[in-house]
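This report goes through selected side-chain features of one protein model. The sequence and the structure come first, and the notes follow.

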Amino acid sequence: MDLQSVEMRNLEVQDYQELKKSMKSAYMDMDEDYWDANSIKRLIKLFPEGQICITVNDVVVGCALSIMVDYQKFGDNHTYKQITGDSTFKTHTDKGDVLYGIDIFIHPNYRGLRLARRLYEARKALCEKLNLKSIIAGGRIPNYQKYQNDLTPRQYIDKVKYKEIYDPTLSFQLANDFHVRKVLRNYLPEDSRSKGFATLIEWNNVYYEEISTAINQKTVVRIGLVQWQMRSYSNISELMKHAEYFIDAVSDYQADFILFPELFNTPLMADYNHMDSAKAMRELAKYTQPIIEEFSKLAVSYNVNIIAGSMPFIFEDSLYNVSYLFRRNGSMEEVYKIHPTPAEISSWGMRGGDEVKVFETDAGKIGILICYDVEFPELSRILAGQDMQILFVPFLTDTQNGYNRVKFCAQARAVENECYVAIAGCVGNLPNVNNMGISYAQSAVFTPSDFGFPTNGIQSEATPNSEMIVIADVDLSLLDELHEYGSVQNLKDRRTDLYNITFNGKKV
């Protein structure tokens with residue numbers, strides 16, 4: 001075969017006769033009417049960008065035909081006749097959200113040259129250019145006729161996926177990042193080799209951006225961490241003056257979030273050293289509400305979302321360790337620590353909370369786990385199931401061993417849940433506060449481990465045991481790409497047919 005030139009371009013009306021020859025050769029096994037000249041002319045007029053051909057030595061040898069549809073009007077149970085408007089293409093709309101593939105073929109004499117792959121890549125590029133959610137099509141399974149007596153269509157598809165059976169159409173589609181949404185019955189009744197069945201296949205555009213009126217919708221998010229030095233404060237005003245100093249510094253960098261450590265306000269316990277530890281912690285809890293009110297004002301005035309570490313809080317006479325999210329729009333959320341440590345229970349009588357949820361912010365979906373909670377992978381997996389993008393972990397550890405437990409688990413959570421994890425802790429010591437000795441920390445922002453992220457999985461980290469701030473940028477769009485095209489795909493590849501997580505009796 002003499003291949004002097006291979007070109008890909010938009011189909012033109014004058015290409016029809018060559019197109020017809022290639023199509024007839026490609027579909028010799030199908031008893032159907034082929035596209036007539038008027039249909040091709042109509043497609044080109046309606047949606048010229050969606051009609052792509054490939055030529056070899058200036059001869060049309062393959063083609064990909066597409067329309068744009070408002071997919072919710074059809075759903076997953078449509079037929080080919082319905083989606084094409086009985087080949088009138090009245091279903092096409094410039095306001096559609098899905099690129100629908102209505103045909104793709106290569107002349108048999110030119111197969112094996114990866115020309116179909118070029119057509120698929122051109123469709124993907126068009127989908128991204130037009131900011132459409134996905135490419136969807138009904139796919140033939142022509143080899144199914146050989147297995148119809150032994151396998152259901154679903155079993156057949158499963159065996160093709162695991163390369164136990166080869167199907168010239170489906171095997172190729174799966175190799176090009178399409179996945180099967182469902183099996184369609186009577187999609188193309190005239191397709192005898194597929195026995196009337198088809199696969200509803202989809203390729204997701206990870207760069208799709210939903211049109212929104214939100215002002216400040218972000219892709220790159222800036223995180224500020226406060227590595228907080230434990231020191232004596234005589235009152236709340238002194239504590240909040242120090243906190244505001246850090247908020248001011250971080251906001252100067254136009255950060256979207258600032259994270260404080262767990263129990264950063266414990267220096268205020270010094271006045272209660274004459275009490276036992278449990279009573280002293282309950283006295284400290286009386287400061288929580290005034291501190292909440294101050295943080296809420298600071299989040300608005302400095303235009304930054306604040307995760308205010310954690311503080312003791314009394315609810316219905318029980319003591320809890322609670323973190324607070326103060327959004328810069330003035331709203332507030334709270335997160336109860338689920339797993340108090342053995343020391344928190346024995347020394348202070350703390351109880352655990354019973355709710356795990358993701359919070360919407362103007363800079364992404366976030367989760368908060370307090371210190372010990374990050375060592376329980378089920379919690380972050382529940383959050384990942386709610387599309388968490390950034391996990392914030394305020395912590396307080398006294399030894400390097402304790403810190404490493406938090407660090408190693410936080411890094412594991414970033415990898416297994418394909419998200420960013422930010423941790424912030426206290427440093428120094430409080431010799432004048434009973435039961436609050438030395439603090440050790442190295443605050444950091446961790447990433448998944450794949451191309452596009454740092455090779456060590458660390459976006460940024462503090463100097464150990466020094467009071468300082470850490471500023472780090474994280475790109476949320478990289479997470480979308482990782483979910484779909486990562487070297488491994490932890491969230492998608494979970495064997496939920498074998499195991500799952502339940503929370504309060506419900507599967508998640």
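## Side-chain features of the model

Leu 46 is a residue of helix H2, which covers residues 37-46. The model is a predicted one. With a relative accessible area of 36%, Leu 46 is partly exposed. Apart from residues up to four places away in sequence, Leu 46 touches Phe 89, His 92 and Asp 94. Between Leu 46 and Arg 351 the C-alpha to C-alpha distance is 64 Å, and the two residues are 305 residues apart in sequence.

## Salt bridges

The structure has a count of 24 salt bridges. Three of them are listed here.

| Positive residue | Negative residue | N to O distance |
|---|---|---|
| Arg 231 | Glu 467 | 2.9 Å |
| Lys 337 | Glu 344 | 2.8 Å |
| Arg 495 | Asp 497 | 2.7 Å |

The salt bridge of Arg 231 and Glu 467 joins two loops. Arg 231 is in the loop between strand S8 (220-230) and helix H7 (236-251), while Glu 467 is in the loop between strand S21 (458-461) and strand S22 (468-475), so the pair ties together parts that are 236 residues apart in sequence. Arg 231 is partly exposed, at 29% relative accessible area, and Glu 467 is partly exposed at 30%.

The surroundings of the other two pairs can be described in the terms used for Leu 46. Lys 337 and Glu 344 are both buried. Arg 495 is partly exposed, with 42% relative accessibility, and Asp 497 is exposed, with 56%. Elsewhere, Asp 76, Arg 181 and Glu 202 belong to one network, joined by salt bridges that share partners.

## A buried arginine without a salt bridge

Arg 381 sits in helix H11, residues 377-384. What is the nearest side chain of opposite charge to Arg 381, and how far away is it? It is Glu 416, at 5.1 Å; Arg 381 is buried and has no salt bridge. A salt bridge requires a side-chain nitrogen of Lys or Arg within 4 Å of a carboxyl oxygen, so a separation of that kind has to fall inside this cut-off to count. The backbone of Glu 416 does come into play: its oxygen is 2.8 Å from a polar atom of the Arg 381 side chain. Beyond neighbours within four places in sequence, the contacts of Arg 381 are Glu 416, Asn 417, Leu 491, Arg 494 and Ile 501.

## Aromatic pairs

The whole structure contains 24 aromatic pairs. One of them is Tyr 80 with Tyr 187, an edge-to-face pair with 5.8 Å from centre to centre and 75 degrees between the planes. Tyr 80 belongs to helix H3 (residues 80-83) and Tyr 187 to the loop between strand S6 (179-185) and strand S7 (197-204), so this pair ties together parts 107 residues apart in sequence. Tyr 80 is buried, at 15% relative accessible area, and Tyr 187 is buried at 3%.

Tyr 120 and Phe 178 also form an edge-to-face pair, with 5.4 Å between centres and 90 degrees between the planes. Here Tyr 120 lies in helix H4 (residues 115-129) and Phe 178 in the loop between helix H6 (170-175) and S6, so the pair ties together parts 58 residues apart in sequence. The relative accessible area of Tyr 120 is 5%, which makes it buried; Phe 178, at 6%, is buried too.

Aromatic residues also gather in one cluster made up of Trp 228, Tyr 233, Tyr 245, Phe 246, Phe 260, Phe 264, Phe 295, Tyr 324 and Phe 326.

Notes: Residues numbered from 1 in each chain as written. Predicted model: local features only at pLDDT ≥ 70, side-chain atom pairs only at ≥ 80, totals over all residues. Heavy atoms only, no water. Helix = DSSP H or I, 4+ residues; strand = E, 2+ residues; numbered from the N terminus. Buried < 20%, exposed > 50% of the residue type's maximum accessible area, 1.4 Å probe, protein only. Lys, Arg positive; Asp, Glu negative; His and termini not counted. Polar contact = N/O pair within 3.5 Å; in protein donor to acceptor, adjacent residues only side chain to side chain. Contact = heavy atoms within 4.5 Å. Phe/Tyr/Trp six-rings, centres within 6.5 Å; stacked < 30°, edge-to-face > 60°.
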